[in-house]
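User: I would like to go through some labels given to this structure. Please set each one against its rule.

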Amino acid sequence: MIKAEQLSKTFLHNNGPHVVLEDLEFHLEEKEFVAIVGRSGSGKSTFLDLVMGLTQPSSGSITRTKPDLTIGYVFQRPALLPWRTVLRNVALPLEIAGEPRQVWEEKARHSLAQVGMVHTAEGYPFQLSGGMAQRVAIARALVQEPDLLLMDEPFGALDPILRDNLNVNLLKLWARTKKTILFVTHSINEAIFLSDRVVILEEGRFIEEVVIDIPRPRDFDTFHSSEFIAKVRKIRSIMPIQPNLPRAPL
Amino acid sequence: MKIPSLLLKTVSPVVLVLSILLMWQLIIWVLSPQEWLFPSPLLVWTRFNELWHANALQHHVLVTGTEVLAGYGLGIFLGLCSGYPISQIRLLEKVATPYLVAANSVPLIAFAPLLLLWLGSGMGTNIVVAAMVVYFPVTISTIAGFHSVSPYHTRLLHSLRANKWQRFRRLELPSAIPGILAGMKIAAPLAVVGAVVGEFLGTGEGLGHLILEANGLLDTAQLFVAIIILALFGICFYLSSLGLEQLLTGPWHHKRRL
């Protein structure tokens, strides 16, 4: 679905060029759930921007197998517009695409139902808790029925218990809708729990790929299974404890 | 709305007005000042009725009201028209902002005689004076309003590939509205000040003229009538901008943001 070859991205700063991503090789297959794990500043978000087409590669290429591939994007923050009701927030992508009201209203409601938030449709974002708001943001990303869902640390700002809950729900949603998901996180546990494959990003390079063959469906017990712990151990051993250099903030 | 808070909202202004009147009357009773120095509420009321029935008030109220409204509207319009481009074009902002701030700290009222000289006396000049004092706070708050757009929201609209108009209509304008309204609230009483100062300089009509006339004749009761009407003007303007704020941002503004 997505194929990156020798992909590099360099930003020009006042104090010289700053290499964010270097020679990445990557592929993503249909209906796959892939997690990219890396510490802050390792270039995760830049990679998603490249996949999304929000920024262009400095060298190398990123290709989509389907030319009219549609992509939904979930950010680190819900970024709901406070002056719109929940329903109209979810409908925003459709409105911008020029869909008529009858269409977006029905689709937005359906999308909210998928994340179990349809009861909040007429409310405003300030009435939602952090976790609810992020679920609404997921509904907004799903409303265009995208082929691919990009998620950039969507639950990173939430408390761990809520985060686990939302991840379990996300897996159910994925099982139901059979979307392709590319999920970026700095949590090793989250990456293993969710994905088929964990790609480790370090200093702008994909240093290793770990296939997660833990059987599905996965639930809270998965976290305590021996295979889960073995995977955590494996990835920890790959990721260096101390990054080589402090990187310039982006 | 709960009943106690509704009660509080409607009763408290009435209580306030009544207590001001009571204080006023108390001063009259205790100090018994001379009538031309400090008239009683009753005297002011009588004078108001006299003026009203003699048709000596209506025209002036209409003139000042028109000046205030037109000046306020013009000032807001110009403030929005210049505030938006300044907020969007960085170079323009760098060049214009220091002058705007400097111009705002000059007492603009001091320009009124100059305007009178250039434009001649009349309602038009007073409208310009009112518009000028309204213009600066509205411009500055418009710039601040358009700068308050959240970078997360910008990124979202960017990812949805919204065009420039869609970004303006669905993100920038709604983000800026609370700021613009704040400027409009500050500017509302200023519009009244601007119009009255213009009238002071001599147009022969309007409440400002009525004040000058009353002052010359030591008709303090008439002075009070004019002042109270002007105060009511200011309050009405302020309340209507408050109402507009409630209408436009009521359901969501000043609430927790995500």
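Analyst: Start with the pocket lining. This is a predicted model. By class, the residues lining the largest pocket are 23 nonpolar, one polar and no charged.

User: Where does that lining come from, and which residues are closest to the pocket centre?

Analyst: The lining has 24 residues, and the closest to the centre are B:Val17, B:Leu21, B:Ile228, B:Ala231 and B:Leu232. Helices H1 (3-31), H2 (41-53), H3 (58-88) and H10 (220-249) of chain B each give two or more residues. H10(B) gives the most, with 11 residues. The pocket holds about 790 Å³ of space.

User: Why is the pair A:Phe193 and A:Phe223 called stacked?

Analyst: Two values decide. The ring centres are 4.5 Å apart, and the pairing limit is 6.5 Å. The planes meet at 15 degrees, and stacked requires under 30 degrees. Both conditions hold, so the pair is stacked.

User: What makes this pair a tie between parts of chain A?

Analyst: A:Phe193 lies in helix H6 (residues 188-194), and A:Phe223 in the loop between strand E9 (205-211) and helix H7 (226-238), so the pair ties together parts 30 residues apart in sequence. A:Phe193 and A:Phe223 are both buried.

User: How many aromatic pairs are there over all chains?

Analyst: The count is 19. In chain B, B:Tyr84, B:Phe146, B:Trp165 and B:Phe168 form one aromatic cluster.

User: How do you know that the charged end of A:Lys178 sits over the ring of A:Trp174?

Analyst: The charged end of A:Lys178 is 4.4 Å from the ring centre of A:Trp174. The distance limit is 6 Å, with a further limit of 35 degrees from the ring normal. The charge is classed as sitting over the ring.

Conventions: Residues are numbered from 1 along each chain as its sequence is written. Chains are lettered from A and ligands numbered from 1 in the order in which they are written. This is a predicted model: local features need pLDDT of at least 70, side-chain atom pairs count only at pLDDT 80 or more; totals for chains, interfaces and linings use all residues. Side-chain values use heavy atoms; hydrogens and water are left out. Rings of Phe, Tyr and Trp (its six-membered ring) pair if their centres lie within 6.5 Å; planes under 30 degrees apart count as stacked, over 60 as edge-to-face and the rest as tilted. Helices (H or I, at least four residues) and strands (E, at least two) are DSSP runs, numbered from the N terminus. Buried means under 20% relative accessible area, exposed over 50%, partly exposed in between (1.4 Å probe, protein chains only). On a 1 Å grid over the protein atoms alone, a cavity is a set of points where a 1.4 Å probe fits but cannot get out, and a pocket is an open set with protein on both sides within 12 Å along at least five of seven lines; lining residues have an atom within 4 Å of a point. Grid points are joined across faces, edges and corners, and a volume is the space filled by probe spheres set on the points. Ala, Val, Leu, Ile, Met, Phe, Trp, Tyr, Cys and Pro count as nonpolar, Asp, Glu, Lys and Arg as charged, and the others, Gly among them, as polar.
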